[in-house]
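Here are some exercises to work through with the model open. Try each task before you read its solution.

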Amino acid sequence: MADRYEKSEAGADAPVVPSLRWEELPEGPVLVLLDQTRLPSEEVELVCTDVPALVQAIRTLAVRGAPLLGIAGAYGVALAASRGFDVADAADTLAHARPTAVNLEYGVRRAAGAYRDAVESGADRERAAAAALAEARAVHAEDAEASSRMAAHGLALLGELVPGGGHRILTHCNTGALVSGGEGTALAVALSAHRAGELRRLWVDETRPLLQGARLTAYEAARTGMPYTVLADGAAGSLFAAGEVDAVLIGADRITADGSVANKVGSYPLAVLARYHHVPFVVVAPTSTVDLDTTEGALIEVEQRPGHEVTEIAVSFVPGAGAEAGTGVPVAPLGALAYNPAFDVTPAELVTAIVTENGVVSPVTPGGLAELCSTSRLG
Ligand code: MRU
(Lines give C-alpha, C1' and ligand atoms only; values in the text may rest on other atoms or scores of the structure.)
Protein backbone atom coordinates (compact mmCIF):
# COMPACT_ATOMS: atom_id res chain seq x y z
CA MET A 1 0.00 0.00 0.00
CA ALA A 2 1.19 3.55 -0.72
CA ASP A 3 0.21 6.79 1.01
CA ARG A 4 1.30 10.28 0.05
CA TYR A 5 2.98 12.91 2.18
CA GLU A 6 2.42 16.34 0.69
CA LYS A 7 5.66 18.29 1.13
CA SER A 8 6.52 21.71 -0.13
CA GLU A 9 5.76 23.35 -3.43
CA ALA A 10 8.96 22.89 -5.42
CA GLY A 11 11.06 26.01 -5.75
CA ALA A 12 14.70 26.93 -6.00
CA ASP A 13 14.87 27.79 -2.30
CA ALA A 14 12.79 24.85 -1.06
CA PRO A 15 14.69 22.19 0.92
CA VAL A 16 16.00 19.28 -1.09
CA VAL A 17 13.85 16.23 -0.42
CA PRO A 18 15.83 12.97 -0.57
CA SER A 19 14.80 10.72 -3.44
CA LEU A 20 14.38 7.79 -1.08
CA ARG A 21 14.56 7.08 2.65
CA TRP A 22 13.84 4.26 5.09
CA GLU A 23 11.70 5.23 8.05
CA GLU A 24 10.71 3.26 11.17
CA LEU A 25 7.11 4.17 12.08
CA PRO A 26 5.23 2.80 15.14
CA GLU A 27 3.14 0.63 12.78
CA GLY A 28 6.23 -0.74 11.05
CA PRO A 29 9.00 0.32 8.66
CA VAL A 30 8.22 2.11 5.39
CA LEU A 31 10.14 3.13 2.31
CA VAL A 32 9.48 6.78 1.50
CA LEU A 33 10.04 7.88 -2.10
CA LEU A 34 10.07 11.32 -3.65
CA ASP A 35 7.41 10.88 -6.35
CA GLN A 36 9.33 11.86 -9.48
CA THR A 37 6.18 11.87 -11.63
CA ARG A 38 5.09 15.04 -9.77
CA LEU A 39 8.29 17.00 -10.31
CA PRO A 40 9.07 19.77 -10.99
CA SER A 41 5.68 21.13 -9.91
CA GLU A 42 5.47 19.58 -6.46
CA GLU A 43 7.61 17.63 -4.05
CA VAL A 44 5.34 14.87 -2.87
CA GLU A 45 6.49 11.78 -1.03
CA LEU A 46 5.06 8.35 -1.61
CA VAL A 47 5.05 6.02 1.40
CA CYS A 48 5.39 2.33 0.50
CA THR A 49 4.41 -0.17 3.16
CA ASP A 50 4.71 -3.23 0.97
CA VAL A 51 6.31 -4.61 -2.18
CA PRO A 52 3.27 -4.24 -4.51
CA ALA A 53 3.27 -0.48 -3.77
CA LEU A 54 6.98 -0.26 -4.51
CA VAL A 55 6.59 -2.26 -7.73
CA GLN A 56 3.84 0.13 -8.82
CA ALA A 57 6.13 3.10 -8.03
CA ILE A 58 8.90 1.51 -10.11
CA ARG A 59 6.61 0.80 -13.08
CA THR A 60 5.11 4.28 -13.11
CA LEU A 61 8.59 5.87 -12.74
CA ALA A 62 7.80 7.50 -9.39
CA VAL A 63 11.19 6.01 -8.54
CA ARG A 64 13.52 5.58 -11.49
CA GLY A 65 17.07 5.75 -12.88
CA ALA A 66 19.42 2.77 -12.74
CA PRO A 67 21.35 3.33 -9.47
CA LEU A 68 18.26 4.39 -7.54
CA LEU A 69 16.35 1.36 -8.82
CA GLY A 70 19.09 -0.82 -7.33
CA ILE A 71 18.86 0.96 -3.99
CA ALA A 72 15.04 0.83 -4.00
CA GLY A 73 15.09 -2.87 -4.90
CA ALA A 74 17.41 -3.64 -1.99
CA TYR A 75 15.25 -1.69 0.48
CA GLY A 76 12.18 -3.41 -1.01
CA VAL A 77 13.59 -6.79 0.00
CA ALA A 78 14.32 -5.41 3.49
CA LEU A 79 10.73 -4.11 3.67
CA ALA A 80 9.30 -7.52 2.77
CA ALA A 81 11.58 -9.19 5.32
CA SER A 82 10.77 -6.71 8.12
CA ARG A 83 7.04 -6.97 7.55
CA GLY A 84 7.02 -10.77 7.44
CA PHE A 85 6.28 -11.28 3.74
CA ASP A 86 7.77 -14.08 1.63
CA VAL A 87 11.23 -12.70 0.84
CA ALA A 88 12.05 -14.96 -2.12
CA ASP A 89 8.74 -14.09 -3.74
CA ALA A 90 9.22 -10.36 -3.09
CA ALA A 91 12.75 -10.48 -4.50
CA ASP A 92 11.56 -12.20 -7.67
CA THR A 93 8.75 -9.68 -8.23
CA LEU A 94 11.00 -6.69 -7.56
CA ALA A 95 13.85 -7.90 -9.75
CA HIS A 96 11.48 -8.10 -12.73
CA ALA A 97 9.52 -4.89 -12.15
CA ARG A 98 11.40 -3.28 -15.07
CA PRO A 99 13.72 -5.27 -17.35
CA THR A 100 16.52 -3.04 -18.65
CA ALA A 101 18.40 -1.45 -15.74
CA VAL A 102 20.58 -4.24 -14.35
CA ASN A 103 21.05 -2.33 -11.08
CA LEU A 104 17.53 -3.31 -10.01
CA GLU A 105 18.38 -7.00 -10.10
CA TYR A 106 21.78 -6.23 -8.53
CA GLY A 107 20.31 -4.44 -5.50
CA VAL A 108 17.59 -7.05 -5.01
CA ARG A 109 20.11 -9.88 -5.24
CA ARG A 110 22.42 -8.26 -2.65
CA ALA A 111 19.69 -7.79 -0.02
CA ALA A 112 18.03 -11.16 -0.71
CA GLY A 113 21.45 -12.85 -0.50
CA ALA A 114 22.15 -11.23 2.88
CA TYR A 115 18.76 -12.40 4.15
CA ARG A 116 19.30 -15.95 2.89
CA ASP A 117 22.83 -16.15 4.34
CA ALA A 118 21.51 -15.01 7.72
CA VAL A 119 18.72 -17.61 7.68
CA GLU A 120 21.16 -20.34 6.65
CA SER A 121 23.44 -19.47 9.51
CA GLY A 122 20.58 -19.89 12.01
CA ALA A 123 19.30 -16.31 12.42
CA ASP A 124 15.64 -15.82 13.33
CA ARG A 125 13.40 -13.75 11.01
CA GLU A 126 14.09 -10.53 12.89
CA ARG A 127 17.85 -10.87 12.64
CA ALA A 128 17.64 -11.97 9.01
CA ALA A 129 15.50 -8.89 8.24
CA ALA A 130 18.12 -6.73 9.98
CA ALA A 131 20.79 -8.31 7.74
CA ALA A 132 18.74 -7.47 4.62
CA LEU A 133 18.33 -3.87 5.82
CA ALA A 134 22.04 -3.54 6.58
CA GLU A 135 22.81 -4.75 3.06
CA ALA A 136 20.35 -2.26 1.54
CA ARG A 137 22.03 0.52 3.52
CA ALA A 138 25.40 -0.71 2.22
CA VAL A 139 24.17 -0.64 -1.41
CA HIS A 140 22.92 2.91 -0.76
CA ALA A 141 26.20 4.09 0.82
CA GLU A 142 28.35 2.43 -1.85
CA ASP A 143 26.40 4.22 -4.55
CA ALA A 144 27.03 7.56 -2.83
CA GLU A 145 30.74 6.82 -2.72
CA ALA A 146 30.77 5.61 -6.33
CA SER A 147 29.07 8.84 -7.35
CA SER A 148 31.76 11.07 -5.89
CA ARG A 149 34.52 8.92 -7.40
CA MET A 150 32.87 9.04 -10.83
CA ALA A 151 32.58 12.81 -10.54
CA ALA A 152 36.31 13.10 -9.86
CA HIS A 153 37.33 10.70 -12.65
CA GLY A 154 34.88 12.31 -15.07
CA LEU A 155 36.11 15.84 -14.35
CA ALA A 156 39.72 14.79 -14.94
CA LEU A 157 38.71 13.11 -18.20
CA LEU A 158 36.84 16.21 -19.39
CA GLY A 159 40.02 18.21 -18.80
CA GLU A 160 41.89 15.82 -21.11
CA LEU A 161 39.21 15.54 -23.81
CA VAL A 162 38.28 19.21 -23.90
CA PRO A 163 41.40 21.23 -23.11
CA GLY A 164 40.90 24.85 -22.13
CA GLY A 165 37.91 24.40 -19.78
CA GLY A 166 34.65 26.27 -20.25
CA HIS A 167 32.83 23.09 -21.13
CA ARG A 168 29.55 23.04 -22.98
CA ILE A 169 28.04 19.69 -22.08
CA LEU A 170 25.00 18.04 -23.64
CA THR A 171 23.14 15.52 -21.49
CA HIS A 172 20.10 13.32 -21.93
CA CYS A 173 17.51 12.00 -19.47
CA ASN A 174 18.20 12.50 -15.76
CA THR A 175 21.34 11.28 -14.03
CA GLY A 176 21.68 13.43 -10.92
CA ALA A 177 20.96 13.20 -7.19
CA LEU A 178 17.42 12.12 -7.99
CA VAL A 179 18.69 8.74 -9.21
CA SER A 180 21.52 8.12 -6.79
CA GLY A 181 22.67 7.68 -3.22
CA GLY A 182 24.99 10.62 -3.96
CA GLU A 183 24.99 13.28 -6.67
CA GLY A 184 24.47 10.91 -9.57
CA THR A 185 26.48 9.79 -12.57
CA ALA A 186 26.78 12.04 -15.65
CA LEU A 187 25.14 14.98 -13.91
CA ALA A 188 27.55 14.60 -10.97
CA VAL A 189 30.41 15.15 -13.44
CA ALA A 190 28.69 18.24 -14.86
CA LEU A 191 28.13 19.50 -11.32
CA SER A 192 31.76 19.06 -10.38
CA ALA A 193 32.75 20.93 -13.55
CA HIS A 194 30.37 23.69 -12.45
CA ARG A 195 31.90 23.78 -8.95
CA ALA A 196 35.35 24.00 -10.53
CA GLY A 197 34.17 27.00 -12.55
CA GLU A 198 34.48 25.00 -15.76
CA LEU A 199 30.89 24.55 -16.91
CA ARG A 200 29.97 27.10 -19.51
CA ARG A 201 26.61 25.56 -20.39
CA LEU A 202 24.61 22.43 -19.65
CA TRP A 203 22.47 21.57 -22.65
CA VAL A 204 19.50 19.54 -21.39
CA ASP A 205 17.67 17.34 -23.88
CA GLU A 206 13.99 17.41 -22.90
CA THR A 207 13.93 13.59 -23.30
CA ARG A 208 10.62 12.67 -24.85
CA PRO A 209 8.26 11.12 -24.10
CA LEU A 210 8.39 11.36 -20.29
CA LEU A 211 10.54 14.49 -20.15
CA GLN A 212 13.10 13.37 -17.59
CA GLY A 213 15.44 16.06 -18.96
CA ALA A 214 13.06 19.01 -18.92
CA ARG A 215 11.28 18.02 -15.70
CA LEU A 216 14.09 16.51 -13.62
CA THR A 217 17.54 17.48 -14.92
CA ALA A 218 16.48 21.11 -15.31
CA TYR A 219 15.03 20.96 -11.76
CA GLU A 220 18.36 19.72 -10.43
CA ALA A 221 20.38 22.16 -12.54
CA ALA A 222 18.30 25.09 -11.28
CA ARG A 223 18.74 24.04 -7.65
CA THR A 224 22.49 23.68 -7.98
CA GLY A 225 22.93 26.89 -9.95
CA MET A 226 24.26 25.33 -13.13
CA PRO A 227 23.87 27.45 -16.28
CA TYR A 228 21.45 25.31 -18.30
CA THR A 229 19.29 25.43 -21.40
CA VAL A 230 16.55 22.92 -22.27
CA LEU A 231 16.16 21.85 -25.89
CA ALA A 232 13.76 19.63 -27.80
CA ASP A 233 15.52 16.33 -28.55
CA GLY A 234 15.36 17.01 -32.29
CA ALA A 235 17.26 20.29 -31.84
CA ALA A 236 20.47 18.50 -30.82
CA GLY A 237 21.61 18.11 -34.44
CA SER A 238 21.65 21.79 -35.19
CA LEU A 239 23.35 22.45 -31.85
CA PHE A 240 26.23 20.14 -32.84
CA ALA A 241 26.34 21.68 -36.32
CA ALA A 242 26.68 25.13 -34.74
CA GLY A 243 29.74 23.91 -32.80
CA GLU A 244 28.02 24.46 -29.46
CA VAL A 245 28.73 21.06 -27.87
CA ASP A 246 32.14 20.13 -26.43
CA ALA A 247 31.14 16.76 -24.96
CA VAL A 248 28.11 14.53 -24.44
CA LEU A 249 27.75 13.03 -20.96
CA ILE A 250 25.11 10.39 -20.33
CA GLY A 251 24.41 7.61 -17.82
CA ALA A 252 23.56 3.98 -18.51
CA ASP A 253 21.02 1.35 -17.54
CA ARG A 254 23.08 -1.65 -18.59
CA ILE A 255 26.54 -2.02 -20.12
CA THR A 256 27.24 -5.43 -21.63
CA ALA A 257 30.57 -7.25 -21.81
CA ASP A 258 31.25 -5.91 -25.32
CA GLY A 259 30.86 -2.32 -24.07
CA SER A 260 27.40 -1.72 -25.56
CA VAL A 261 25.44 0.86 -23.57
CA ALA A 262 21.69 0.75 -22.99
CA ASN A 263 20.39 4.15 -21.90
CA LYS A 264 17.30 6.31 -22.31
CA VAL A 265 15.91 6.25 -25.85
CA GLY A 266 17.52 9.07 -27.79
CA SER A 267 21.03 8.34 -26.52
CA TYR A 268 22.07 6.38 -29.63
CA PRO A 269 21.17 9.23 -32.04
CA LEU A 270 23.32 11.53 -29.89
CA ALA A 271 26.24 9.09 -30.19
CA VAL A 272 25.89 9.09 -33.98
CA LEU A 273 25.75 12.89 -34.06
CA ALA A 274 28.74 13.14 -31.73
CA ARG A 275 30.82 10.85 -33.94
CA TYR A 276 29.92 12.81 -37.08
CA HIS A 277 30.85 16.09 -35.40
CA HIS A 278 34.02 14.72 -33.70
CA VAL A 279 32.67 15.38 -30.21
CA PRO A 280 33.51 13.00 -27.30
CA PHE A 281 30.61 10.80 -26.21
CA VAL A 282 31.17 9.79 -22.58
CA VAL A 283 29.14 7.33 -20.51
CA VAL A 284 29.26 7.65 -16.70
CA ALA A 285 28.00 4.66 -14.71
CA PRO A 286 28.92 2.69 -11.59
CA THR A 287 30.23 -0.86 -12.04
CA SER A 288 26.87 -2.07 -10.67
CA THR A 289 25.51 -1.08 -14.10
CA VAL A 290 27.99 -3.32 -15.92
CA ASP A 291 26.57 -6.73 -16.81
CA LEU A 292 29.48 -8.93 -17.83
CA ASP A 293 27.18 -11.97 -18.00
CA THR A 294 25.47 -10.54 -21.07
CA THR A 295 27.89 -10.78 -23.93
CA GLU A 296 26.50 -8.22 -26.35
CA GLY A 297 24.14 -5.29 -26.68
CA ALA A 298 21.73 -7.13 -28.97
CA LEU A 299 20.84 -9.40 -26.03
CA ILE A 300 19.63 -6.55 -23.79
CA GLU A 301 15.92 -6.61 -23.15
CA VAL A 302 14.70 -3.12 -24.00
CA GLU A 303 11.57 -2.17 -22.07
CA GLN A 304 8.64 -1.34 -24.33
CA ARG A 305 6.28 1.12 -22.68
CA PRO A 306 2.62 1.92 -23.39
CA GLY A 307 1.93 3.91 -26.55
CA HIS A 308 -0.20 6.49 -24.75
CA GLU A 309 3.00 7.91 -23.21
CA VAL A 310 3.79 9.11 -26.76
CA THR A 311 0.30 9.97 -27.96
CA GLU A 312 -0.66 11.88 -24.80
CA ILE A 313 1.15 14.41 -22.64
CA ALA A 314 0.71 13.72 -18.95
CA VAL A 315 -0.39 16.53 -16.69
CA SER A 316 2.27 15.61 -14.22
CA PHE A 317 1.00 17.24 -11.06
CA VAL A 318 -2.43 15.58 -11.20
CA PRO A 319 -2.10 12.33 -9.24
CA GLY A 320 -2.25 9.38 -11.61
CA ALA A 321 -2.42 11.51 -14.77
CA GLY A 322 -0.58 9.82 -17.59
CA ALA A 323 -0.34 6.49 -15.80
CA GLU A 324 -3.43 5.21 -17.62
CA ALA A 325 -4.38 5.72 -21.28
CA GLY A 326 -6.83 8.56 -21.68
CA THR A 327 -5.72 10.51 -18.61
CA GLY A 328 -3.28 12.84 -20.38
CA VAL A 329 -3.75 15.53 -23.03
CA PRO A 330 -3.95 13.91 -26.51
CA VAL A 331 -1.31 15.02 -29.04
CA ALA A 332 -2.14 12.44 -31.74
CA PRO A 333 -5.43 11.27 -33.21
CA LEU A 334 -7.39 8.77 -31.14
CA GLY A 335 -6.23 5.25 -32.02
CA ALA A 336 -2.80 6.33 -33.38
CA LEU A 337 -0.23 3.54 -33.04
CA ALA A 338 2.95 4.45 -31.17
CA TYR A 339 6.49 3.02 -30.99
CA ASN A 340 7.72 3.54 -27.44
CA PRO A 341 10.94 1.75 -26.46
CA ALA A 342 12.19 3.22 -23.17
CA PHE A 343 15.85 2.69 -24.07
CA ASP A 344 18.21 2.25 -27.01
CA VAL A 345 21.59 0.59 -27.30
CA THR A 346 24.77 2.38 -28.39
CA PRO A 347 27.61 0.16 -29.66
CA ALA A 348 31.01 0.47 -27.98
CA GLU A 349 32.62 1.85 -31.13
CA LEU A 350 30.60 5.07 -30.74
CA VAL A 351 31.51 5.49 -27.05
CA THR A 352 34.65 7.54 -26.40
CA ALA A 353 34.97 6.49 -22.76
CA ILE A 354 33.14 4.81 -19.90
CA VAL A 355 33.72 6.38 -16.50
CA THR A 356 33.14 4.21 -13.42
CA GLU A 357 34.06 4.58 -9.76
CA ASN A 358 37.12 2.44 -10.48
CA GLY A 359 38.41 4.67 -13.24
CA VAL A 360 38.01 5.19 -16.97
CA VAL A 361 38.07 2.77 -19.89
CA SER A 362 38.94 4.39 -23.23
CA PRO A 363 38.88 3.10 -25.88
CA VAL A 364 36.04 0.87 -24.79
CA THR A 365 37.15 -2.74 -25.21
CA PRO A 366 35.77 -5.93 -23.62
CA GLY A 367 39.12 -6.56 -21.93
CA GLY A 368 39.43 -3.03 -20.58
CA LEU A 369 35.90 -3.10 -19.23
CA ALA A 370 36.35 -6.49 -17.54
CA GLU A 371 39.61 -5.34 -15.97
CA LEU A 372 38.01 -2.17 -14.62
CA CYS A 373 35.19 -4.19 -13.07
CA SER A 374 37.58 -6.62 -11.42
CA THR A 375 39.71 -3.95 -9.74
CA SER A 376 38.97 -2.81 -6.21
CA ARG A 377 38.20 0.86 -5.72
CA LEU A 378 41.59 2.44 -5.75
CA GLY A 379 40.40 5.92 -6.63
O1 MRU B 1 13.23 5.30 -17.62
P2 MRU B 1 14.16 5.93 -16.65
O3 MRU B 1 13.81 7.33 -16.32
O4 MRU B 1 14.36 5.07 -15.41
O5 MRU B 1 15.55 5.95 -17.41
C6 MRU B 1 16.69 6.43 -16.76
C7 MRU B 1 17.86 6.55 -17.65
O8 MRU B 1 17.85 6.14 -18.79
C9 MRU B 1 19.11 7.11 -17.06
O10 MRU B 1 19.85 7.80 -18.03
C11 MRU B 1 19.96 5.94 -16.54
O12 MRU B 1 19.24 5.16 -15.61
C13 MRU B 1 21.21 6.39 -15.94
S14 MRU B 1 20.86 7.17 -14.40
C15 MRU B 1 22.24 7.43 -13.63
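**Exercise 1.** Leaving aside its neighbours within four places in sequence, which residues is D253 in contact with?

*Solution.* First, some ground rules. This is a predicted model, where local features need pLDDT of at least 70 and side-chain atom pairs count only at pLDDT 80 or more, while totals for chains, interfaces and linings use all residues. Residues are numbered from 1 along each chain as its sequence is written.

Next, look for contacts (C-beta atoms, placed from the backbone, within 7 Å). You should find A66, T100, A101, A262, N263, T289 and F343 around D253.

Then place the residue: D253 sits in the loop between β8 and β9 (254-256). UniProt, in an unreviewed entry, puts the feature "active site" at D253; such annotations may be inferred rather than shown by experiment.

**Exercise 2.** Work out why D253 counts as buried.

*Solution.* Start with the cut-offs: 20 or more other C-beta atoms within 10 Å make a residue buried, 12 or fewer make it exposed, and in between it is partly exposed. D253 is buried because 30 other C-beta atoms lie within 10 Å.

**Exercise 3.** Find how many residues of helix α6 (residues 186-195) are buried, and what covers them.

*Solution.* Helices here are DSSP runs of H or I, at least four residues, and strands are runs of E, at least two, numbered from the N terminus. Count along α6: nine of its 10 residues are buried, among them L187, V189 and H194. Now look around: the cover includes α5 (125-161), β5 (167-171) and α7 (212-224). Finally, step just past α6, where G197 takes a positive phi of about 75°.

Methods:
Contact = placed C-beta atoms within 7 Å.
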